[in-house]
Amino acid sequence: MDFYIFRHGETFFTKHKIPYYQEQIVTAEILSEGIPVIKKIAEKLKEIPTDANFTSPYKRCLQTTEIISKISGKKFTIDKRLHDFNTYIGESITKVVERISSFYEDLKRNNYKSVAVCTHGYPTSILKCLIIEGAFRLEKLNSYPKPGVLTIIKNGKIKSINFN
């Protein structure tokens with residue numbers, strides 16, 4: 001299966017490298033200055049046939065995929081398992097790994113050839129590990145790209161395209 005994984009557009013918090021506050025983890029919005037980068041990702045995804053496309057339910061991902069949908073014609077399905085790591089609801093890294101693993105197992109069961117996924121940093125790291133290594137390793141937790149990078153995984157190999 002081919003994967004096209006990207007984070008939401010840049011937010012105030014990602015731009016300034018500060019953690020999200022309790023409410024903002026769900027409601028943070030993308031910055032207008034990050035929209036041109038999202039449009040570039042959309043133009044690239046427009047060229048790529050995908051069987052399914054998924055997004056986190058958090059606002060910044062929904063805003064990102066709305067822009068991508070308008071340009072690429074791709075429709076994104078919300079999957080709650082793709083939400084960001086949220087300590088405010090008492091979530092542990094173990095729980096994040098469990099829900100991302102569940103998402104990945106569902107993808108494999110559906111025998112998709114190609115999928116696009118819009119999510120957050122930690123879920124991106126976990127998903128990459130599961131696809132490439134078959135298991136998650138904690139030391140890889142921070143191995144996610146910044147917004148504006150499209151991670152392509154084909155035949156066990158990773159390629160990144162930086163649209164920033």
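## Close-up views of the predicted model

**View 1. Strand β2 sends A52 and F54 one way and N53 and T55 the other way, and all of these residues are buried.** Buried stands here for under 20% relative accessible area, exposed for over 50% and partly exposed for the range in between, as found with a 1.4 Å probe on the protein chains only. The model is predicted, and local features were taken at pLDDT of at least 70 and side-chain atom pairs at pLDDT 80 or more, whereas totals for chains, interfaces and linings use all residues. Residues are numbered from 1 along each chain as its sequence is written, and side-chain values rest on heavy atoms, with hydrogens and water left out. Strand and helix names follow DSSP runs numbered from the N terminus, where a helix is H or I over at least four residues and a strand is E over at least two. F54 faces V117 in β4 and has T77 as its bridge partner in β3, while T55 is partnered by C118 in β4.

**View 2. Six strands form an open sheet with mixed pairing, in the order β3-β2-β4-β1-β5-β6.** The edges are held by β3 (77–78) and β6 (157–162), each of which pairs on one side only. Two strands are said to pair if DSSP finds at least two bridges between them. From β2, 2 bridges lead to β3 in the parallel sense, and 4 bridges lead to β4, also running parallel. Further along the order, β1 is joined to β4 by 6 bridges in the parallel sense, and to β5 (residues 149–154) by 4 bridges in the antiparallel sense. I5 marks this junction, as it stands opposite V117 in β4 and opposite T151 in β5. β1 is mostly covered, with 5 of its 6 residues buried.

**View 3. The largest nonpolar core comprises 23 residues, and F3, I126 and L127 have the most contacts inside it.** Such a core is a set of buried Ala, Val, Leu, Ile, Met, Phe, Trp, Tyr and Cys residues joined through side-chain atoms within 4.5 Å. At least two residues of this core come from each of β1 (2–7), β2 (52–55), α5 (93–109), β4 (114–119) and α6. The contribution of α5 is the greatest, at 7 residues. Leaving aside residues up to four places away in sequence, L127 touches I5, I100, F103, Y104 and V117, a contact being a pair of heavy atoms within 4.5 Å. A second, separate core has 19 residues, among them I30, I38, I41 and I152.

**View 4. I152 is placed in strand β5.** With a relative accessible area of 7%, I152 is buried. Apart from residues up to four places away in sequence, I152 is in contact with F3, Y4, K157, I158, K159 and I161. The C-alpha atoms of I152 and D2 are separated by 7.3 Å, although these positions lie 150 residues apart in chain numbering.

**View 5. I68 belongs to helix α4, which spans residues 59–72.** I68 is buried, with a relative accessible area of 0%. Residues up to four places away in sequence being left out, I68 touches F6, I38, I41, A42, L45, G73 and F76. D84 is 16 residues from I68 along the chain, and the C-alpha atoms of the two are separated by 20 Å.

**View 6. The largest pocket encloses about 680 Å³ of space.** Its lining has 30 residues, of which R7, T14, I18, Y20 and Y144 are the closest to the centre. On a 1 Å grid over the protein atoms alone, a pocket is an open set of points with protein on both sides within 12 Å along at least five of seven lines, a cavity is a set where a 1.4 Å probe fits but cannot get out, and lining residues have an atom within 4 Å of a point. Grid points are joined across faces, edges and corners, and the volume is the space filled by probe spheres set on the points. Two or more lining residues are given by each of α1 (12–15), α3 (35–46) and α6 (121–133), and the largest share, 3 residues, is that of α1. By class, the lining holds 13 nonpolar, 10 polar and 7 charged residues, where Ala, Val, Leu, Ile, Met, Phe, Trp, Tyr, Cys and Pro count as nonpolar, Asp, Glu, Lys and Arg as charged, and the others, Gly among them, as polar.
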